[in-house]
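Hi everyone, thanks for coming. I'd like to walk you through one structure today, so please have a look at it while I talk.

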Amino acid sequence: VQLQASGGGLVQAGGSLRLSCVASGGTFGSVGWFRQAPGKEREFVGLVWWLSGSTWYGDAVKGRADLSRDELKNTVYLQMNSLKPEDTAVYYCAASSRLATETGNEFDSWGQGTQVTVSS
């Protein structure tokens, strides 16, 4: 599975962004989003089980993030609202053939990442 993430950019605190992840080249059971800031470990943002549409969110973004999918376009959207400077990171989407969990261990295909920068 190949993944293409896009939609990152520079936004002021309190603003919103919608990230997109287009998947191609295979089937998948889950698509997830993770982020990594400089000097920090990778952090779980959210994931969706493709067939059921069930979603899970990381504690840091819960209530501010919303995942949706377009099955016809094989695309997952991550809507991020009320952005904070601490949301600044490279955001990666990932795919798994299984029903993945927030550990990230089940994801075996990763996109190239898209930079999100939130200014204060």
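Let's start with strand S9, which covers residues 89-96. This strand is mostly covered, with six of its eight residues buried. Keep in mind as we go that the model is predicted.

So who sits beside S9? Strand S4, residues 30-36, pairs with S9 in the antiparallel sense, and seven bridges hold that pairing. If you want one spot to look at there, find Phe34, which stands opposite Tyr92 in S9. Then there's S11, which also runs antiparallel to S9, joined by three bridges. In that pairing, Val90 has Gln115 in S11 as its bridge partner. And there's strand S10, residues 109-110, with two bridges to S9, again antiparallel. There, Ala95 has Ser109 in S10 as its bridge partner.

Okay, let's stay with S11 for a bit. Thr114 belongs to this strand, which spans residues 114-119. Is Thr114 buried or exposed? Thr114 comes out at 9% relative accessibility, and the cut-off for buried is under 20%, so Thr114 counts as buried.

What does Thr114 touch, once we leave aside its neighbours within four places in sequence? Thr114 is in contact with Ala5, Ser6, Gly7, Gly8, Leu19, Ala89, Val90 and Tyr91. With Gly8 we can say a little extra: a polar atom of the Thr114 side chain lies 3.0 Å from the backbone nitrogen of Gly8.

Next to that is Gln115, also in strand S11. Gln115 has a relative accessible area of 40%, and partly exposed runs between 20% and 50%, so that's the label Gln115 gets. Again leaving aside neighbours within four places in sequence, the contacts of Gln115 are Gly8, Gly9, Thr88, Ala89 and Val90. Its side chain has a polar atom 3.4 Å from the backbone oxygen of Ala89. And if you're curious about the start of the chain: the C-alpha atoms of Gln115 and Val1 are separated by 21 Å, with those positions 114 residues apart along the chain.

Now for the rings. How many aromatic pairs does the structure hold? It holds six. Let me show you one of them, Phe34 and Phe107. Their ring centres are 5.4 Å apart and their planes are at 80°, and planes over 60 degrees apart count as edge-to-face, so that's what we call this pair. This pair links distant parts of the chain: Phe34 is in strand S4, Phe107 is in the loop between S9 and S10, and they're 73 residues apart. Both Phe34 and Phe107 are buried.

Compare that with Trp49 and Trp56. Here the ring centres are 4.5 Å apart with the planes at 50°, so the pair is tilted. Trp49 has a relative accessible area of 23%, so Trp49 is partly exposed. Trp56 is at 34% relative accessibility and therefore counts as partly exposed too.

Back to Phe34, since there are two further things to see there. Phe34 forms one aromatic cluster with Phe44, Phe107 and Trp110. Also, Arg42 lies over the face of Phe34, at 5.1 Å from the ring centre. You can find another arginine over a ring elsewhere: Arg69 lies over the face of Trp50, at 5.9 Å from the ring centre.

Last stop, the loops. Which loop holds Asn74? It's the one between strand S7, residues 65-70, and strand S8, residues 75-80. Phi of Asn74 is near 50°, which is a positive value in a residue other than glycine. Asn74 has a relative accessible area of 25%, so Asn74 is partly exposed.

Ser82 sits in the loop between S8 and S9. Phi of Ser82 is also near 50°, so have a look at this backbone as well; again that's a positive value in a residue other than glycine. With 41% relative accessibility, Ser82 counts as partly exposed.

And that loop takes us back to S9, where we began. If you remember one picture, make it this strand, mostly covered, with S4 pairing to it over seven bridges. Thanks, and I'm happy to take questions.

Conventions
Residues numbered from 1 in each chain as written. Predicted model: local features only at pLDDT ≥ 70, side-chain atom pairs only at ≥ 80, totals over all residues. Heavy atoms only, no water. Helix = DSSP H or I, 4+ residues; strand = E, 2+ residues; numbered from the N terminus. Buried < 20%, exposed > 50% of the residue type's maximum accessible area, 1.4 Å probe, protein only. Polar contact = N/O pair within 3.5 Å; in protein donor to acceptor, adjacent residues only side chain to side chain. Contact = heavy atoms within 4.5 Å. Pairing = 2+ DSSP bridges. Phe/Tyr/Trp six-rings, centres within 6.5 Å; stacked < 30°, edge-to-face > 60°. Lys NZ or Arg CZ within 6 Å of the ring centre and 35° of its normal.
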